[in-house]
Structure formats: structure tokens, C-alpha cells
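Biologist: Could you take me through this model and say what stands behind each label you use? I'd like to hear the cut-offs as well as the names.

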Amino acid sequence: MKDVFEKDHIVRIKDFTRDELTTVFDLAEEMIPIAEGKKKNNDLEGKLLANLFFEPSTRTRLSFEGAMKRMAGRCIGFAEPGTSSAKKGETLADTIRVAAGYADIIVLRHPHEGAAQLAANFSEVPIINAGDGAGRHPTQTLLDLFTIKREMDSISGNHIGIAGDLKYGRTVHSLTNALSMYDTKLTFISPPSLRMPEEIIDELKDKGIHHTEVEEIDEVLEELDILYMTRIQRERFPSEEDYENVARSYHLENDMLRDRDVNEDLTIMHPLPRVDEINADVDMTPHAKYFQQAANGVPVRMALLKLLMEA
Amino acid sequence: MSEDQEKKMEDKKQKEIKITPIKQGTVIDHIRKGRAMKVLKILDLIDRDIESIVSVAMNVNSSMGKKDIVKVEGMELKNEEIDKISLIAPEATVNIVRDFEVVKKHRVGLPDKARGILKCRNQNCISNQDEPVISEFEVVAKDPVTLRCEYCERKMKGEEISENVI
């Protein structure tokens with residue numbers, strides 16, 4: 001298994017080959033009973049993970065901590081920038097070199113784009129990027145892909161609709177990049193002012209990936225295998241009225257799913273936290289997979305920790 | 001003197017400036033108008049402790065329109081130094097002069113990477129935050145020249161590149 005995974009660090013999703021993704025997903029699948037507490041594991045006993053969170057992110061931090069502890073590893077670190085040495089003016093490069101002397105692996109969340117690459121350049125131990133600025137968040141993309149694979153049996157062959165703020169959303173950019181490695185049909189659903197950046201569309205064209213752009217979820221809902229919803233932020237709109245107009249058409253309710261002839265296996269995903277894009281009455285439908293998606297973060301991160309530390 | 005004659009005189013004068021020979025050194029010709037100072041900066045000819053006389057001609061008439069010229073006397077610039085110029089002046093030609101003769105003439109070539117000569121245009125990039133790092137860009141397209149930051153992956157092209165020479 002290891003022979004197709006040669007990474008020292010996890011910085012960006014683009015660095016993964018398709019074989020490496022498969023390696024991660026296969027191992028994550030094996031990790032599920034351990035992540036669910038049904039099976040014991042002590043593969044990382046004696047190993048120490050440093051969580052360096054220069055900006056708060058409860059879910060990501062907890063899932064890394066959970067992943068480490070499910071394999072008998074331990075964690076140190078900080079969760080608030082106010083408690084770190086950066087407050088005293090220390091460079092990130094120094095913080096990383098010091099932490100690399102304490103721990104076997106570092107998980108980094110940082111407000112500046114490119115922070116994870118810098119950390120990788122200075123670290124003696126593996127770095128995992130847990131989000132750097134408006135830049136990258138590769139482990140989110142890995143758990144998104146893993147969720148698609150589990151729910152649909154394979155990633156290729158699906159028609160995937162990605163809805164919401166496609167202009168600024170880093171999650172959807174990384175996801176689109178990753179999906180372009182597979183044979184999928186993509187539909188981007190967004191208001192005109194929040195369309196997918198041209199740069200990403202151009203890359204899809206270069207790779208010959210089938211994609212279309214529409215403005216309303218309704219236009220494609222019945223054709224989709226997967227609907228990936230994201231949040232539309234109020235502050236992106238010039239007025240409250242503009243926002244309300246758009247937000248209404250990106251609000252998914254159970255009625256919408258019932259009235260339409262949606263695919264029986266339609267899978268609805270969301271990176272969470274949601275605000276009001278998905279009504280609570282959708283949660284009880286078999287289509288809602290966003291909580292499962294969040295839970296999948298643990299086995300995926302377990303797989304990464306194992307691959308990086310046992311390499 | 002007619003207007004036409006005046007213009008001819010002016011052109012002749014400009015031409016004289018352009019071809020004022022140097023005994024030995026490097027003449028960088030066909031620099032896009034207004035970019036000569038950036039070329040000096042990118043070659044580190046402003047602050048570097050060198051013996052050479054560096055002369056700059058700006059806004060020179062040529063058959064292709066206005067251009068800038070840089071002459072560095074007594075110093076033959078190396079290819080890898082010269083290639084950096086291509087990031088901001090891709091049309092430039094470089095003449096190596098020995099004993100008043102041009103012995104080598106070539107167009108600048110694009111390097112694969114640009115290290116430490118540009119800053120990233122993304123203010124939120126980690127390379128702009130007083131960290132002990134040298135900026136690094138990969139050349140991802142040649143026409144137009146497009147660079148991608150090795151840290152934040154933000155791309156720069158055209159004026160953005162010349163505006164961000166360190």
C-alpha cells in the first residue's frame with residue numbers, strides 16, 4: 001500500500017495522484033470500525049501530534065484529535081491564536097521548527113495563504129494543512145471525495161451539482177480540482193455574481209471535463225446524483241434585498257425534493273456549518289448525508305496520520 | 001528648417017545615443033518603453049557594488065516604436081542573470097560586446113523559476129509576512145508570461161509582474 005503513497009506532507013489536493021487518493025480511501029475504509037469505536041487500535045501508540053491552530057476551527061481540530069486518539073496516539077497544541085507565541089512576534093518558521101522538536105506530526109491551521117507550504121519547508125516532521133487562509137483545505141476535499149465514493153460506490157460516473165458561492169468558496173475550488181481527476185459530469189449552480197472563477201473553468205476545459213453552469217438548483221435537481229451545497233455569505237451582496245433574492249433560491253427544503261422527481265439515490269452534501277441553505281426537514285430524508293460526511297473526516301484523517309507516520 | 005527635417009535630425013540624434021559604442025560589456029536593447037529602471041532593479045545593478053558604468057537610454061525611437069536601452073560597461077552579464085529580464089521585458093535583446101564588436105547577440109529566454117526578485121501580489125500570502133523566506137514563482141505560461149507563487153499559488157501576469165519587482 002505504501003508504495004503508492006510517497007508524500008512527506010499534505011499541503012494541497014493537487015499534489016495527490018489518483019493512485020494516492022485510492023490508497024487513502026482504501027485505508028480510510030478499514031479505519032471506519034476503529035473510528036466508530038467498534039474496534040480497538042494502537043498503531044500510533046507513543047506518537048504525538050501537535051495541533052497548531054492559529055485560527056479557531058473546532059470541527060477540524062476535534063476530528064484530528066479524535067483520529068489520533070482512536071489509534072492510541074496523543075495530542076498537544078493550541079486552539080486559539082491568542083495563546084500562541086505568534087502573539088509575541090515569533091515567526092511561523094520558528095514556531096514550526098520548535099514544534100517539530102516536540103511532536104511526530106504537525107497539523108496546521110493558519111490565516112495566511114501558503115502557510116502550510118512554508119511550514120513544510122521548515123519542518124523535520126510531516127505537516128498536514130488543516131486550512132491556510134482563503135487557500136487550501138485538502139483534508140476537507142479528501143473527506144468529500146471519500147463520502148462520494150462510499151455513498152455512490154465510485155466517484156466516476158456521477159453527475160455532481162455544486163451550489164452556492166462558487167467564486168470565493170475554497171472548498172468548492174479544491175473539490176472541483178480533485179473531481180477533475182475522475183470521469184464526472186459537473187454542474188455549477190450559482191448566482192451570476194458568484195460564478196466559478198474563469199481560471200478553474202479553463203482548467204476543466206483543458207482536461208475535457210464535461211461541465212455546465214446554471215443559476216437555479218431547480219434547473220438540474222432531477223438530473224443530479226449528488227448535490228453539494230455551500231453557504232452564500234450575506235457580505236458578498238451590495239444590499240440586503242439582493243442577498244434575500246438569491247438566498248431564497250439556494251434554500252433547499254423537503255418540499256422541493258418531494259415535488260420534484262429527484263433520483264432515488266440523490267446524495268446531499270454540505271461541508272458545514274450550514275446557515276439556512278438546507279432546511280432542518282431535509283435532515284430526516286435518506287438524501288441527507290452531510291452529518292455522515294462530517295463523521296467521515298475521522299477515518300480519512302486516521303488514514304493520513306497512519307500513512308505519514310508509518311512511512 | 002522644416003518640421004520634417006527637424007524630425008530627421010532628432011531621429012539621428014536618438015540613433016547616435018543608441019549606438020554609442022562601448023568597448024566591452026553588455027547592451028540590453030529593445031526593452032519595452034518605461035521598463036529600463038525595472039531591468040536595472042531586477043539585475044541588481046542599482047545597489048550592487050560594481051565598478052562598471054551603467055547608462056540608461058529611455059524613450060528611444062526605433063522602427064518598432066519607443067524603447068529603452070541599458071548599457072553595462074566592462075561587465076558581461078551571465079545568461080541566467082539576463083534571463084530574469086524576460087519576466088518584465090520579454091522582447092529585449094542582449095548584445096555582448098568585446099573590443100567594440102558585438103560578439104554575441106541573443107533574445108532573452110524565460111527561466112523556469114523566479115527566486116527572490118519579485119514579491120507576491122497577494123498581501124495575505126505568507127511570503128509577504130516577515131517570514132524568513134525568499135519569494136519563489138514558477139513560470140506557468142510563456143505568452144503572456146504568467147507566474148505562480150510557490151506559496152499561495154496566486155498567479156501574476158503583465159503589469160502585475162513589473163509592479164511587484166522587489
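Modeller: What follows is a chat about domains, contacts, a sheet, a helix crossing and a hairpin.

Modeller: Ground rules: this is a predicted model, where local features need pLDDT of at least 70 and side-chain atom pairs count only at pLDDT 80 or more, while totals for chains, interfaces and linings use all residues. Residues are numbered from 1 along each chain as its sequence is written, and chains are lettered from A and ligands numbered from 1 in the order in which they are written.

Biologist: Okay, what makes domain 1 and domain 2 of chain A separate domains, and what are their bounds?

Modeller: The bounds come from an automatic or database domain assignment. For chain A that yields domain 1 (13-135 + 297-310) and domain 2 (138-294). Their C-alpha centres lie 27 Å apart.

Biologist: How do you know which residues are in contact between those two domains?

Modeller: Two residues are in contact if their C-beta atoms, placed from the backbone, lie within 7 Å. By that test, 17 residues of domain 1 of chain A and 14 residues of domain 2 of chain A take part. On the domain 1 side, α1 (18-35), β4 (127-132) and α11 of chain A each supply at least two residues, and α1(A) gives the most, with five.

Biologist: What makes a residue on that side of domain 1 nonpolar, polar or charged?

Modeller: Just a list: Ala, Val, Leu, Ile, Met, Phe, Trp, Tyr, Cys and Pro are nonpolar, Asp, Glu, Lys and Arg are charged, and the others, Gly among them, are polar. Sorted that way, the domain 1 side has ten nonpolar, three polar and four charged residues.

Biologist: And why are α5(A) and α11(A) called helices?

Modeller: Helices are DSSP runs of H or I with at least four residues, strands are runs of E with at least two, and both are numbered from the N terminus. α5 of chain A spans residues 138-152 and α11 of chain A spans residues 297-309, so both meet the helix cut-off.

Biologist: How do you get the angle between α5(A) and α11(A)?

Modeller: Axes are lines fitted to C-alpha atoms, for helices over the stretch in contact, and angles run from 0 to 180 degrees between N-to-C directions. The two axes come within 9 Å and cross at roughly 115°.

Biologist: Why is the crossing of α5(A) and α11(A) called right-handed or left-handed?

Modeller: The near helix turned anticlockwise from the far one by less than a right angle gives left-handed, and clockwise gives right-handed. α5(A) passes α11(A) in a right-handed crossing, so the turn is the clockwise one. A:Thr139, A:Leu142, A:Leu143 and A:Phe146 in α5(A) meet A:Gly297, A:Val300, A:Arg301 and A:Leu304 in α11(A). That contact divides into five nonpolar, two polar and one charged.

Biologist: On to the sheet in chain A: what makes two strands, say β5(A) and β8(A), a pair?

Modeller: Strands pair if DSSP finds at least two bridges between them. β5 (residues 159-163) and β8 (residues 226-229) of chain A have four bridges in the parallel sense, so they pass. Among the bridge partners, A:Ile160 goes with A:Ile226 and A:Ala163 with A:Met229. β8(A) is also joined to β9(A) by three bridges, again parallel, with A:Leu227 partnered by A:Ile268. The open sheet has five strands in the order β7-β6-β5-β8-β9.

Biologist: Why are β7(A) and β9(A) called edge strands?

Modeller: Each pairs on one side only.

Biologist: What makes the residues of β8(A) count as buried?

Modeller: Buried takes 20 or more other C-beta atoms within 10 Å of a residue's own, 12 or fewer is exposed, and partly exposed lies in between, with C-beta atoms placed from the backbone. A:Ile226 and A:Tyr228 on one face and A:Leu227 and A:Met229 on the other are all buried, so each of them has a count of 20 or more.

Biologist: And chain B: which strands does the hairpin join?

Modeller: β7(B) and β8(B), through two residues. Five bridges join β7(B) to β8 (residues 145-149) of chain B, running antiparallel, and B:Lys142 stands opposite B:Val145. β7(B) also pairs with β6 (residues 113-115) of chain B over three antiparallel bridges.

Biologist: Lastly, how many residues of chain A are in contact with chain B?

Modeller: Eleven, against 14 residues of chain B. On the chain A side, α4(A) gives the largest share, three residues.
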